[in-house]
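Colleague: Got a minute to walk me through this one? I'd like to go from the inside outwards.

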Amino acid sequence: MYDVALYGHLTLDRIFNDFKKDCTIGSIGNVWKHLINLDPNLKIYIEPTDIGEAIILINQRNNERASVANLNLIHKDPFIKKSNWSHIMYLNELNNVDYIKDIKDGIVSADICRGKKIDDLSIFKNIDFLFLSDEDEFMNPLELCKLLRKGLILHHPLGSTFYDNKGNKQEFETKFIDNVNVLGCGDMLAAGFINFYLKSKNVSLVLKEAHQSVYNILENQRRSINGNS
């Protein structure tokens with residue numbers, strides 16, 4: 001059995017930070033990278049169902065990013081593997097979500113990106129945790145969380161709110177770091193949550209550790225930019 005299985009989108013990201021251009025792997029790639037940085041011993045199964053491309057513009061001065069993407073250039077139905085945790089990216093842009101109900105083992109999570117609206121809310125009955133940025137919020141979180149098997153992680157630049165499936169909520173705040181590249185932070189938070197939840201089921205502790213893991217990366221980035229000051 002695998003520790004974590006990653007399904008959904010894999011992207012080729014062309015990134016412009018002002019006029020500096022870079023090319024990297026995004027989506028599943030972001031989650032995989034942070035997972036193995038946190039625990040190199042994790043056994044991870046990678047099964048993209050949709051491969052696409054994106055052009056991303058970063059405004060590092062204001063911690064902003066925007067993108068245009070074609071996420072579904074190539075599609076295939078996945079082979080489902082037994083895993084302690086299965087994570088699906090990005091739920092609202094997938095060509096096919098039918099396979100999610102076939103995941104019978106472990107915890108199932110998903111995230112949503114900016115783009116299409118989910119019209120069939122019944123898909124959430126197959127998902128334990130949903131990760132959602134406040135920028136991509138599409139319905140009242142107090143209603144959304146009750147559709148999930150465990151709860152909703154609604155994250156924002158200053159932290160996140162966990163809503164369990166009964167509507168109870170817990171707030172978690174983190175420090176804001178200015179003038180850094182925030183691209184992929186939502187994916188890193190999801191990876192941190194997955195990693196720490198597999199080791200501890202205490203959501204408050206898990207969220208604290210997940211946010212700290214993202215903060216450490218951003219702080220190291222800031223120090224590198226500013227000459228370790």
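Colleague: Let's start with Phe129: is it buried or exposed?
Modeller: Keep in mind that this is a predicted model. The cut-off for burial is under 20% relative accessible area. Phe129 has a relative accessible area of 1%, so the call is buried.

Colleague: Which kind of aromatic pair do Trp85 and Phe129 form?
Modeller: Trp85 is buried too, with a relative accessible area of 0%. The two rings are 5.8 Å apart centre to centre, with 5° between the planes. Planes under 30 degrees apart count as stacked, so the Trp85–Phe129 pair is stacked.

Colleague: How many residues apart in sequence are the parts that this pair ties together?
Modeller: Trp85 sits in strand 5 (residues 83–89), while Phe129 belongs to strand 7 (residues 129–133). The pair therefore links parts whose separation in sequence is 44 residues.

Colleague: Which residues form one aromatic cluster with Trp85 and Phe129?
Modeller: The whole structure has 12 aromatic pairs. Trp85 and Phe129 belong to one cluster, and its other members are Phe131, Phe162, Phe193 and Tyr197.

Colleague: On to the largest nonpolar core: which element gives the most to it?
Modeller: This core has 32 residues, and those touching the most other members are Leu6, Leu35, Trp85, Phe129, Ile153, Phe193 and Tyr197. At least two residues each come from strand 1, helix 1 (28–38), strand 5, strand 7, helix 3 and helix 4 (203–225). The top contributor, with nine residues, is helix 3.

Colleague: Why is helix 3 said to be largely enclosed by the rest of the structure?
Modeller: Among its buried residues are Met188, Leu189, Phe193, Ile194 and Tyr197, and also Asp187 and Asn195. Helix 3 counts as largely enclosed because its buried residues number 12 of the 15.

Colleague: And what is the distance between the end C-alpha atoms of helix 3?
Modeller: Helix 3 covers residues 185–199, which is 15 residues. At 1.5 Å a residue, the expected span is 21 Å. The model agrees, because the end C-alpha atoms are separated by 21 Å.

Colleague: Which residue of helix 4 (203–225) is in contact with Ile153?
Modeller: Leaving aside neighbours within four places in sequence, Ile153 contacts Phe129, Leu130, Phe131 and Leu132, along with Ser160, Thr161, Phe162 and Phe193. One more contact remains on that list, and it is Leu207.

Colleague: How many residues are in the second, separate core?
Modeller: That core includes Ala5, Ile88, Ile127 and Leu148. Its size in residues is 25.

Colleague: What about Tyr2 and Tyr45: which kind of pair are they?
Modeller: The ring centres are 5.2 Å apart and the planes meet at 45°. That angle is neither under 30 nor over 60 degrees, so the pair counts as tilted.

Colleague: How many residues apart in sequence are the parts joined by the tyrosines?
Modeller: Tyr2 is in strand 1 (residues 2–17) and Tyr45 in strand 3 (residues 44–59). The pair therefore ties together parts with a sequence separation of 43 residues.

Colleague: Is Tyr2 buried, exposed or partly exposed?
Modeller: Tyr45 comes out as buried at 10% relative accessibility, and Lys43 lies over the face of Tyr2, at 5.0 Å from the ring centre. Tyr2 has 23% relative accessibility, so the label is partly exposed.

Colleague: Now the cysteines: how many disulfides does a search of the whole structure find?
Modeller: Cys23 is partly exposed at 44% relative accessible area, whereas Cys145 is buried at 0%. A disulfide needs two cysteine sulfur atoms within 2.5 Å. The number found in the whole structure is zero.

Colleague: Where in space is Ser133 relative to Cys113, C-alpha to C-alpha?
Modeller: Ser133 is in strand 7, buried with a relative accessible area of 9%. Not counting residues up to four places away, Ser133 touches Leu154 and His155. Cys113 is 20 residues away along the chain, and the C-alpha separation is 7.9 Å.

Colleague: Last one: how far apart in space are Asn37 and Gly192?
Modeller: Asn37 is in helix 1 and counts as exposed at 53% relative accessibility, while Gly192 is one of the buried residues of helix 3. They are 155 residues apart in sequence, and their C-alpha distance is 9.9 Å.

Methods. Residues numbered from 1 in each chain as written. Predicted model: local features only at pLDDT ≥ 70, side-chain atom pairs only at ≥ 80, totals over all residues. Heavy atoms only, no water. Buried < 20%, exposed > 50% of the residue type's maximum accessible area, 1.4 Å probe, protein only. Helix = DSSP H or I, 4+ residues; strand = E, 2+ residues; numbered from the N terminus. Expected span 1.5 Å × (residues − 1). Phe/Tyr/Trp six-rings, centres within 6.5 Å; stacked < 30°, edge-to-face > 60°. Lys NZ or Arg CZ within 6 Å of the ring centre and 35° of its normal. Core = buried A, V, L, I, M, F, W, Y, C linked by side-chain atoms within 4.5 Å. Contact = heavy atoms within 4.5 Å.
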